[in-house]
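Biologist: I would like to learn how to read a model of this kind, feature by feature. Where should we begin?

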Amino acid sequence: MATSIEVQKQSVKQLLESGKSHPFVIPEYQRPYAWTDDQVITLFEDLWDFASNQVEEGDLKTYFLGTVVSYENEKGEQEIIDGQQRITSLFL
């Protein structure tokens with residue numbers, strides 16, 4: 001059986017909004033959430049700096065959150081294969 005891979009470039013906002021129609025789930029085989037406070041703070045400071053510079057400079061640059069790999073299962077949920085720590089941090 002052939003498997004196809006679809007790549008979608010999305011903004012952080014688009015990614016998070018996609019959870020409204022296709023909820024995010026963390027499969028059982030994924031490791032538990034393990035980020036430290038320092039890692040979460042680093043992510044949010046980086047996002048804050050990026051957003052602040054956008055406003056000051058008036059440019060429309062993009063922010064690279066990193067690769068998030070998901071699989072839409074038979075229930076229409078997005079199973080997070082890679083990027084679970086970042087996604088979970090954003091939701092927390």
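**Reading the model**

Modeller: Take a single residue to start: S70 sits in strand β2. Keep in mind that this is a predicted model.

Biologist: Is S70 buried or exposed, or something between?

Modeller: The class follows from relative accessible area, with buried under 20% and exposed over 50%. S70 has a relative accessibility of 37%, so it counts as partly exposed.

Biologist: Which residues does S70 touch, leaving out those up to four places away in sequence?

Modeller: S70 touches Q78, E79, I80 and I81. One of these, I80, also belongs to the largest nonpolar core. A separation in sequence can be set beside one in space as well: S70 and T3 are 67 residues apart along the chain, and their C-alpha atoms are 14 Å apart. For Q84 and S70 the figures are 14 residues and 9.5 Å, again C-alpha to C-alpha.

Biologist: Where does Q84 lie, and how is its accessibility classed?

Modeller: Q84 is part of helix α3. Its relative accessibility is 6%, which is under the 20% cut-off, so Q84 counts as buried.

Biologist: What is in contact with Q84, apart from its neighbours within four places in sequence?

Modeller: The contacts of Q84 are I26, Q30, R31, P32 and Y33. P32 is worth following from its own side. P32 is placed in the loop between β1 (24-25) and α2, and beyond four places in sequence it is in contact with Q84 and Q85. P32 and Q85 are 53 residues apart in sequence, with 8.7 Å between their C-alpha atoms.

Biologist: Why does P32 fall in the exposed class?

Modeller: Exposed means over 50% relative accessible area. P32 has 64%, so it is exposed, while its contact partner Q84 is buried.

Biologist: Why can helix α3 be called largely enclosed?

Modeller: The step is to go from single residues to the whole element. Of the eight residues of α3, seven are buried, so the helix is largely enclosed by the rest of the structure. Those seven are Q84, Q85, R86, I87, T88, S89 and L90.

Biologist: Which residues make up the largest nonpolar core?

Modeller: The core has eight residues, namely L15, F24, L43, L47, L65, I80, I87 and L90. At least two of these residues come from α2 (37-57), and at least two from α3 (84-91). I87 can be traced further: beyond four places in sequence, I87 is in contact with L15 and V68.

Biologist: How much space lies in the largest pocket, and which residues are nearest its centre?

Modeller: The space comes to about 1,200 Å³. The lining has 30 residues, and V7, Q8, K9, Q10 and V68 lie nearest the centre. α1 (12-21), α2 and β2 (69-72) each give two or more residues to this lining. By class, the lining residues are twelve nonpolar, 14 polar and four charged. V68 thus appears both in the pocket lining and among the contacts of I87.

Biologist: What pattern does the chain follow along the sequence?

Modeller: The order is α-β-α-β-β-α, made up of three helices and three strands. In space, the C-alpha atoms fill a box of roughly 50 × 30 × 20 Å along the principal axes.

Biologist: What do the totals for the chain say about burial, surface and contacts?

Modeller: Each total is read over the whole chain. Of the 92 residues, 25% are buried. The accessible surface is about 7,300 Å², and 54% of that belongs to carbon and sulfur atoms. Among contacts between residues at least 6 apart in sequence, 61% join residues at least 24 apart.

Definitions and conventions:
Residues numbered from 1 in each chain as written. Predicted model: local features only at pLDDT ≥ 70, side-chain atom pairs only at ≥ 80, totals over all residues. Heavy atoms only, no water. Core = buried A, V, L, I, M, F, W, Y, C linked by side-chain atoms within 4.5 Å. Buried < 20%, exposed > 50% of the residue type's maximum accessible area, 1.4 Å probe, protein only. Helix = DSSP H or I, 4+ residues; strand = E, 2+ residues; numbered from the N terminus. Contact = heavy atoms within 4.5 Å. 1 Å grid on protein atoms, 1.4 Å probe; cavity = no way out; pocket = protein on both sides within 12 Å on 5 of 7 lines; lining within 4 Å. Points joined across faces, edges and corners; volume = space filled by probe spheres on them. Nonpolar A, V, L, I, M, F, W, Y, C, P; charged D, E, K, R; others polar. Areas by Shrake-Rupley, 256 points an atom, 1.4 Å probe, with all protein chains shown as cover.
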